[in-house]
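Please open the model in your viewer and keep the sequence panel beside it, so that each selection can be followed in both places. The tour goes from one selection to the next and says what is to be found at each.

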Amino acid sequence: MEEHKQEESMKHLGEEEGEEESVSESVRDLPSDAVKELLSEGVCARCIFRLFGLQGRVYASSPSLSSVSSLSATTHQLCTLCFGILQFTYYSDDTQTLLQNQNLPLLIADTVKRHAYQFHTFSLEVSIPPIILSNDNSLRSYMKTKFGSQSWFQENLHTGCISTKDALKFSLIYPLENLLECKSSMGPFRIRLTYTHTKASKGDQNRSDSAETCKRRKIGMPKFIIDPANEPCHFTFYCYRTPFYFGGRYLKYSRNVSQTCWIIDDERMGEASVEEIIGGKILQACQGDSFKFHAAGREDIDVRMLGPGRPFLVEVQNARHIPSELFVKDVERKINNMENKLVRVKNLKLVGSEGWDLMREGEAEKQKQYAALVWISRPLKDEDFQCISSHKDLKVLQRTPIRVLHRRSPLEREKIIHWMKIEAIAGSSQYFLLHLCTQAGTYIKEFVHGDLGRTHPSIGSILGCRAEILQLDVTDIKMECFLT
Ligand SMILES: [Zn+2]
C-alpha cells in the first residue's frame, strides 16, 4: 500500500518536472533578438510569452526570461502593453491604493474563502479595457514590419498570439486550483475580475496611433509607438454564483394571504404572502442574496389554492450553499411545518433555467377548476341542477371587471366555461357549491354575479335570479408542470 503511494507520488513529481522542463525549453526557444527588443520597449515577461503564443503553466510561476536574454524583464516599471495587468500591478478600487507585483492568486483565494461559498469548481471571468487590445494591435503591426520576414514570426506571432485575458487566466488558474483545492471549469461559481483604464475611452487617441503606424511603415521606419504607460489599470473583483431555480407547486389555505407581497400606502394587504413564505425560507436555507418568485397565473388574496396546487419557480441569486436533494426535501419540510399553516409546497425540486419554459408552456391554454360558494335570491329548484350541468363549452363574453378597471385596460374577451355542476349544501336552499372548469383567464366572480351585465351569460342570468359569490377556491390547474 505504502509502496503504491510512493510510486504514485514519484510519478506525479516526474510529470511536474517534465512540465517544468518543457516550459523552460519553450522559453529558451524564443528568438532572442525579438525578446531583447520587446524587453527594451518595456514589455513584461508574461506579455512576451503571450505574443509568442506560449500557453499553460509558463504563466503561473514567477516568469523569467533569463535563459533568452541578459536583459531582465521589467517588474517595477509598468508594462507598456498590458499596463500592469500581467504583472499583478493595479490600482485597487477596493482599498484605493496602488499595489505592485501582488500575489494576486493568494489575494483572490483569501477573499473567496472569506465569503464561505460552497463550490466544487470555479471559473474565472475577466474583463479587460479596450485600450489593451489596441496596444496589442499596434505592437503586432510594429513587430510585423520589423520581423515579418523571419520564420518564427510567420509561425507564431502572426497567428498564435494569446490575448491578455487568456494569459491572465493562465497566470491565475493553476495557483488558484491549488489554493482553492478544486478544478477550474465552467460552472455556477464564478470569480469575476474587472480591469478598467482611464485611457480606455480615448478612442481618438488610438485611431491616430494606428494611423501613425501605417505612415511609419510606409516610410520604412518602424517604431513602437505606444507611450510608456504611466498609469496602471483600476482593478476590482468579486465572486458570485449563477442562480439556482427551485420549482414546485404551492397550496394556499388562507383567504388573507396574497400571492406576492402586496403593500398599498405603506400598509400590507393580508397577513402574509406566498412569495415571502416560500421564497424567504428557500433564500434563508441557501444563504443567497435575494430571490425572485414567479407563479403560473395567480389567484385573488381571498381565494384559496387547493388540489394539486399552482406551479411556481423561485430563483435564488448568489447562494452560498449548494442545495442537495436531501437539502431540498428539508426546505420543503420546513415550509410545510410552519406553525401558521397558511401555505404548503409540493414536489419542490431543483430545476435548471428550463423551469421557465415549463412554466410558460401551456400556461395560456391551461384549464382551471374551481369551487365557488354561491347564494341566489330564490330557493334552488330541482331543474337548476340539470340546467347548469347541461352547459358544455359555454362561450362567455367578459368586459374588464369593474373591480380591476383601475389597473386593466377596458376590453371585451371571450372565455369558455368547459363544464359546471351544482353541489347542494344540506339544510340550505339558497346556498350551493358551484364546481366549474374554465379556460385560463376567466373572471369567476363576475361569471357568477354578472358584473352589472358586463359578463354575459352569468349564473344569475342563466338561473334568472340574483346570484352572489361568497367564497372561491381554485381546486385544480391543468398543467403538467411540477406535478411530480
Ligand atoms: Zn505585460
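What follows is a walk through several sites of this structure, which is a predicted model.

**The zinc site**

Begin by selecting the zinc ion together with its protein donors, which are the SG atoms of Cys44, Cys47, Cys79 and Cys82, lying 2.2 to 2.3 Å from the ion. If you look along the sequence panel, you will find these donor residues spaced as C-x2-C-x31-C-x2-C. What arrangement do the four donor atoms make around the zinc ion? The angles that they subtend run from 105 to 118°, and the arrangement is therefore tetrahedral. For comparison, the ideal angle for four tetrahedral donors is 109.5 degrees. Before leaving the site, colour Cys44 and Cys47 by accessibility, and both will come out as buried.

**The six-stranded sheet**

Next, show the strands as ribbons and find the open sheet of six strands, whose order is β2-β1-β6-β5-β3-β4 and whose pairing is mixed. At its edges stand β2 (97-99) and β4 (183-184), each of which has a single partner strand, so one side of each is left without a neighbour in the sheet. From the β4 edge, step inward to β3, which runs parallel to β4 and is joined to it by two bridges; here threonine 121 stands opposite lysine 183 in β4. Strand β3, residues 121-127, also pairs with β5 in the parallel sense, over five bridges, and you can select serine 127 to see its bridge partner in β5, threonine 194. Continue to strand β6, residues 234-241, which pairs with β5 in the antiparallel sense over eight bridges. In that pairing, leucine 193 has phenylalanine 237 of β6 as its bridge partner.

**Histidine 197 and helix α5**

Now move to histidine 197, which sits in the loop between β5 (189-196) and α8 (203-218). Is this residue buried or exposed? Its relative accessibility is 7%, and because buried means under 20%, histidine 197 counts as buried. Display the side chain of histidine 197 and you will see that it reaches the backbone oxygen of glutamate 231 at 2.9 Å. Leaving aside neighbours within four places in sequence, the residues in contact with histidine 197 are Phe83, Pro129, Ile131, Glu231, Pro232 and Cys233.

One of these contacts, Ile131, is also among the buried residues of helix α5, which include Asn135, Leu139, Tyr142 and Phe147 as well. Select the whole of α5, residues 130-147, to see 18 residues that reach 26 Å from the first C-alpha to the last, close to the 26 Å expected at 1.5 Å a residue.

**Threonine 111**

The next selection is threonine 111, which lies in helix α4, residues 104-114, and counts as buried at 14% relative accessibility. The side chain of threonine 111 reaches the backbone oxygen of leucine 107 at 2.9 Å. If you then select tyrosine 238, 127 residues apart from threonine 111 along the chain, you will find their C-alpha atoms separated by 8.3 Å.

**Strand β15**

Finish at strand β15, residues 367-376, where seven of the 10 residues are buried, so the strand is largely enclosed by the rest of the structure. Nine bridges join β15 to strand β18, residues 431-439, and the two run antiparallel; 10 bridges join β15 to strand β20, residues 467-478, also in the antiparallel sense. Select alanine 371 as the last stop, and you will find it opposite histidine 435 in β18 and opposite aspartate 473 in β20.

How values were computed:
Residues numbered from 1 in each chain as written. Predicted model: local features only at pLDDT ≥ 70, side-chain atom pairs only at ≥ 80, totals over all residues. Heavy atoms only, no water. Helix = DSSP H or I, 4+ residues; strand = E, 2+ residues; numbered from the N terminus. Expected span 1.5 Å × (residues − 1). Buried < 20%, exposed > 50% of the residue type's maximum accessible area, 1.4 Å probe, protein only. Donors = N, O, S within 2.8 Å, 3.2 Å for Na, K, Ca; no water. Tetrahedral: all angles 85-135°; square planar, octahedral: opposite > 155°, others 65-115°. Polar contact = N/O pair within 3.5 Å; in protein donor to acceptor, adjacent residues only side chain to side chain. Contact = heavy atoms within 4.5 Å. Pairing = 2+ DSSP bridges.
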